[in-house]
Amino acid sequence: MRRKKALITGISGQDAAYLSNYLLKKNYIVVGGERKKNKSNLWRLKALGIQKKIKIVSFDLQDEKAISKTIRDGKYNEIYNLAAQSYVDKSFENPLYTSDANALGVIRILEAIRKYSKKTKLYQASSSEMYGNVNTKSQDENTSFHPISPYAISKLHAHWMLGLYRTAYNIFCCSGILFNHDSPLRGDEFVTKKIVRDLLRVKLNKLPCIYLGNIYAKRDWGYSLDYVEAMWKMLQQKRANDFVISSGINYTVKSFVNEAAKNIGFDLKWIGKNLLEKGIDRASNKVIVRIKKDLFRPLEINSTFGNSAKAKKLLKWTPKTKFKKLVKIMCEAELRKYD
Ligand code: NDP
Ligand code: GDR
């Protein structure tokens, strides 16, 4: 049987690394789209030992001509668009670039598929951020969207364009509304990775303490390795559809800190309120965690809580890795860096 060929955009990112590995195991030809930089940044593929198995092509969400050519010439069965300016906080500083890459970039891909490669199936990385602060207990595919960051608005623009191309042009495109998912390959700017990395630095006396913003925000956290399987399953369905992918349980950032601290060998007690709240190690009485005003966002989603019943029913997908296990996996991987 002919091998399927997939293009994964944003190949230097967290999800792209796990998805590449997953597709290679399924005997796909995997092509990775990387935007041009002074220095290529494929450490995640190297960490999984798959860098040599992936052909890298130049891919920038802002470059319409190159996107058209790549999609026209590539003859891909499937495209997974994972590329994005993915950091919510940065989107407030850089709304123009965020919108251009995350919203218009997706339209550039859709247009190229419509014009040159109508049989190619597209997976788009949508986000739970699109919901904003809603009053429903949990969020599913029918929950309305109230985005409150430039990032979320750009993702919603792309999400709605996908729906349009699906109905107007019969293009097979699926939107995965994924809730937070992290891993040892998570980018340093995201809170889980920052907590694990910096708590360990404090333990090793390389850093006096760690600074955080809103520790009362709740997130529905899962493991990236589990979530990429759902992306693939979406594109194997008979009909294109949108799916929420989540763990179905949420925790505060503070709970993440407490759990990571335990794994790293601290027993934290908390004193004070608001900006003066501190996490103190009981054994040494040292302040390990402090709060910093600059790390709060102009607008914040207080809580995310996904309901992925549809994915369970139609994709036979359920998350395998629970919160405590995820924190343990991330802490153990960070500890191994110092072995
Ligand atoms: P990462 O931040 O790890 O990876 C993003 C990738 O996009 C990087 O490879 C980055 O390349 C690339 N990129 C950024 N700007 C451009 C551009 N202009 N053109 C081409 N490539 C670009 O993200 P994740 O792996 O965590 O997430 C994958 C996708 O899923 C993203 O779209 C994200 O928004 C979305 N998402 C993620 C969730 C999560 O919890 N992880 C949840 C919901 C959605 P470079 O190395 O050059 O910066
Ligand atoms: P998020 O992830 O914004 O949910 O977006 P992030 O890890 O950045 O923040 C999670 C929560 O932690 C709070 N927080 C801090 N965040 C960071 N980064 N740094 C801090 O010091 C800090 N202190 C507290 C934040 O305010 C927030 O409430 C991720 C990304 O992967 C998006 O691309 C994706 O779409 C969503 O998840 C779903």
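In this predicted model, the protein carries 63 positive and 31 negative side chains. The centres of these two sets of charges are separated by 5 Å. The surface that the protein exposes amounts to about 16400 Å², and carbon and sulfur atoms contribute 50% of that area.

The secondary structure of the protein comprises 11 helices and 15 strands. With a radius of gyration of 20 Å, close to the 20 Å given by the globule rule for 339 residues, the protein is therefore as compact as a globular protein of that length. Along the principal axes, the C-alpha atoms occupy a box of roughly 65 × 45 × 40 Å.

Turning to the interior, 55% of the 339 residues in the protein are buried. Among contacts in the protein with a separation of 6 or more, 75% are formed by residues 24 or more positions apart.

The chain is divided into two domains, each assembled from several segments of the sequence. Domain 1 consists of residues 5-183, 221-249 and 301-320, whereas domain 2 consists of residues 191-217, 252-300 and 334-338. A distance of 30 Å lies between the C-alpha centres of domain 1 and domain 2. Where the two domains meet, 10 residues of domain 1 are in contact with 11 residues of domain 2.

Definitions and conventions
Residues are numbered from 1 along each chain as its sequence is written. Chains are lettered from A and ligands numbered from 1 in the order in which they are written. This is a predicted model: local features need pLDDT of at least 70, side-chain atom pairs count only at pLDDT 80 or more; totals for chains, interfaces and linings use all residues. Side-chain values use heavy atoms; hydrogens and water are left out. Helices (H or I, at least four residues) and strands (E, at least two) are DSSP runs, numbered from the N terminus. The radius of gyration is taken over C-alpha atoms; the globule rule is 2.2 Å times the number of residues to the power 0.38. Buried means under 20% relative accessible area, exposed over 50%, partly exposed in between (1.4 Å probe, protein chains only). Contact means heavy atoms within 4.5 Å. Accessible areas come from the Shrake-Rupley method with a 1.4 Å probe; for residues, only the protein chains shown count as cover. Lys and Arg count as positive and Asp and Glu as negative; His and the chain ends are not counted. The place of a charge is taken as NZ of Lys, CZ of Arg, CG of Asp or CD of Glu. Domain bounds come from an automatic or database domain assignment.
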